[in-house]
Structures are given as structure tokens and as C-alpha cells.
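Let's walk through this model together, one question at a time. Have the sequence and the 3D view open as you read.

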Amino acid sequence: MTDIAIIAIDGPAGSGKSSVSKQAARALGFGYLDTGAAYRALAWHVLAQGADTADDAAVRAAASAFPYAISLDPDDYWVRVGETDVTAAIREPRVSSAVSAVARIPEVRAQVNELFRTLAAASTRPGVIIEGRDITTVVAPDAPVRILLTADPEVRAARRSAELTDQDAAAVAAALHKRDASDATVVDFLNAAPGVEVVDSTDLDFAQTVDAVLGVVHEKLETAHGR
Ligand SMILES: Nc1ncnc2c1ncn2[C@@H]1O[C@H](COP(=O)(O)OP(=O)(O)OP(=O)(O)O)[C@@H](O)[C@H]1O
Ligand SMILES: Nc1ccn([C@@H]2O[C@H](COP(=O)(O)O)[C@@H](O)[C@H]2O)c(=O)n1
């Protein structure tokens, strides 16, 4: 990539990637790139066309004409497909349960990975935090800071369930674990690749987790700059 400092963060569902990355980006004055949003928006796009994300041909066709846009501003986050703001819609359970099928197609991954690199390189900020599942290993394996953000599965499920108060807690947990199991067949986001720092938030509150991530970022950036 360019001289923009890339902070790569991976982790399983509900590990705090988006909320922690967004807060850390604010503290650093960096951009924030949510890569899961692209997969979610493509799944939304397929469903909006009345197709099934299990239909590879339909997904490839949707990906070939995918007018996707996302904000990298942590204080003004939005996701659009064409003229439609899909920021909230892509979090709906119907999209969450359809997204893994989209993410398992190699050509789709290659297409969005190129887009992520382009978006990050175009940032006018000194750095960008990119979060997802394969950022530390595939999208930005040379990033000066690479973090695996994790927490015990039951803690992640409880946090997600606390967000989705209108849904049954057991169903929320089951959906989260099912998505992880499916996604883990495509990329390894449960084990840290060599050189990747683990931040385990199981026993940390939100502020402590942000501080732990910022601690790794400062340490690694100082090392990278020879200080
Ligand atoms: N250390 C923490 N302590 C308590 N709550 C936390 C902590 N970290 C994150 N959370 C909360 O956990 C929930 C899930 O976090 P978030 O949505 O950021 O996870 P995610 O990894 O981006 O999930 P997904 O991959 O499913 O999009 C949010 O409500 C967030 O505020
Ligand atoms: N780098 C990534 C990011 C995401 N995915 C897929 O997208 C889904 C949604 O991601 P969230 O971070 O919003 O939960 C996720 O379940 C994966 O299927 C991916 O493959 N690679």
C-alpha cells in the first residue's frame, strides 16, 4: 500500500472489531474501514434482486455490477449500494445469515480485497484501521500493526445478544456460532498468524479493550519508525 499507516484487525463475529476499531480510529485520527460491510452489502444486493446467495452464478452476476460505496470516517459511517443507504439494512438477521455464502466465492474475495486496498490508499488521513477476517493475512499482510481481536465464544454471544434485545438470546448465539463455523472454512481468523498480536477482551471492558489495541498500535508504530 502507500505511506498511510495500515492497522489490520481480524477476529470472529462479535469480538468487537467494528466498535473497538471505530473508537481506536477516532483516538488516532485515522480512517476506519469495515470490510465485512462489503460482503454484507453484496449479500443485500443479491437478496434485493430476488436471488439466493447460495446461487454462485447469481452472486457473481451481482458482484459484476455492484455500485458499492462506504465511508471511512469513524464519525460519519455509512454504506451505500447505488443510491440506497444500506447502513442499517445490512445488519438485519436475514443478511447476516446469507452473507457467508457470498464470502466463500474466491472471485468475490479477490474483487473486494482489491477495492479495500484502493479505498485505504485513497484515504487523506495518516492511517486507516482495516478490520475483518483476513486483513492480517491476505489484504494487508505487510501492515506494521496486525492484531487478532478475540473473546471467548459465550462472551461474544452475550455481547451480541445484549445489542439485539428484541431477539431470543439462544437464537442470537446460535446464529453467531453458525456464521463463525461457516466463515472459518474460508479463512482462519481464530488463530493468530506469525507476527500478529492477540488482544483477548474476554475479561476487559470496552474502554480497556480500546486501550489495549491502542497500546499495541503505538508500540508497533514506534518500532516501525525505529524509535
Ligand atoms: N470489551 C468489551 N466489553 C463489552 N462489550 C464489548 C467489548 N467489545 C465490544 N463490545 C460490544 O460487543 C458488541 C459486538 O461488537 P462489534 O459489533 O464491534 O463486534 P464485531 O466483531 O464487529 O462483530 P461482527 O463481526 O459480527 O460484525 C457490541 O455491542 C460492542 O459494543
Ligand atoms: N475480511 C472479511 C470480512 C468479512 N467477511 C465476511 O463478511 C461477513 C460479515 O462480516 P462482519 O465483520 O460484518 O461480521 C462475515 O461473516 C464473513 O462472511 C469476510 O469473509 N472477510
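**Sheets and ligand sites**

Q: Which residue in strand 6 is the bridge partner of isoleucine 9?
A: Strands here are DSSP runs of E with at least two residues, helices are runs of H or I with at least four, and both are numbered from the N terminus. Strand 1 (residues 5–10) and strand 6 (residues 127–132) run parallel and are joined by six bridges. For isoleucine 9, the bridge partner in strand 6 is glutamate 131.

Q: How should the numbering and the model be read?
A: Residues count from 1 along each chain as its sequence is written, while chains are lettered from A and ligands numbered from 1 in the order in which they are written. This is a predicted model, where local features need pLDDT of at least 70, side-chain atom pairs count only at pLDDT 80 or more, and totals for chains, interfaces and linings use all residues, with side-chain values based on heavy atoms and with hydrogens and water left out.

Q: Why is one side of strand 2 and of strand 8 left without a neighbour in the sheet?
A: Two strands pair if DSSP finds at least two bridges between them. The open sheet of five strands is parallel, with the order 2-6-1-7-8. Strand 2 (31–34) and strand 8 (197–200) each have a single partner strand, so one side of each stays free because they stand at the edges.

Q: What angle does the direction of helix 1 make with that of strand 6?
A: Helix 1 (residues 17–28) packs on this sheet and touches strand 1, strand 2, strand 6 and strand 7 (145–150), where contact means heavy atoms within 4.5 Å. Axes are lines fitted to C-alpha atoms, for helices over the stretch in contact, and angles run from 0 to 180 degrees between N-to-C directions. The angle between helix 1 and strand 6 is about 175°.

Q: Which residue in strand 5 stands opposite valine 81?
A: A further open sheet has three strands in the order 3-4-5, paired antiparallel. In it, two bridges join strand 4 (residues 79–81) to strand 5. Opposite valine 81 stands threonine 84.

Q: Which helices each supply at least two residues of the shell around ligand 1?
A: The shell has 19 residues, the closest being Lys17, Ser18, Ser19, Arg160 and Thr209; a residue is near if one of its heavy atoms lies within 4 Å. The helices that each supply at least two of the shell's residues are helix 1, helix 7 (153–163) and helix 9 (206–224).

Q: How far is a polar side-chain atom of arginine 179 from an oxygen atom of ligand 1?
A: Ligand 1 also has an oxygen atom 3.0 Å from a side-chain N or O atom of glutamate 163. A backbone N or O atom of aspartate 205 lies 3.3 Å from a nitrogen atom of ligand 1. For arginine 179, the distance is 2.9 Å.

Q: How many charged residues does the shell around ligand 2 have?
A: Around ligand 2 there are 16 residues, with Arg40, Arg109, Arg133, Arg179 and Asp183 the closest. Asp, Glu, Lys and Arg count as charged; Ala, Val, Leu, Ile, Met, Phe, Trp, Tyr, Cys and Pro as nonpolar; and the others, Gly among them, as polar. The shell has four nonpolar and four polar residues, and its charged residues number eight.

Q: What distance separates an oxygen atom of ligand 2 from a side-chain N or O atom of aspartate 183?
A: Arginine 109 has a polar side-chain atom 2.8 Å from an oxygen atom of ligand 2. Aspartate 134 has a side-chain N or O atom 2.9 Å from a nitrogen atom of ligand 2. For aspartate 183 and an oxygen atom of ligand 2, the distance is 2.5 Å.

Notes. A polar contact is a pair of N or O atoms within 3.5 Å; within protein, one must be able to donate a hydrogen and the other to accept it, and residues adjacent in sequence count only if both atoms are side-chain atoms.
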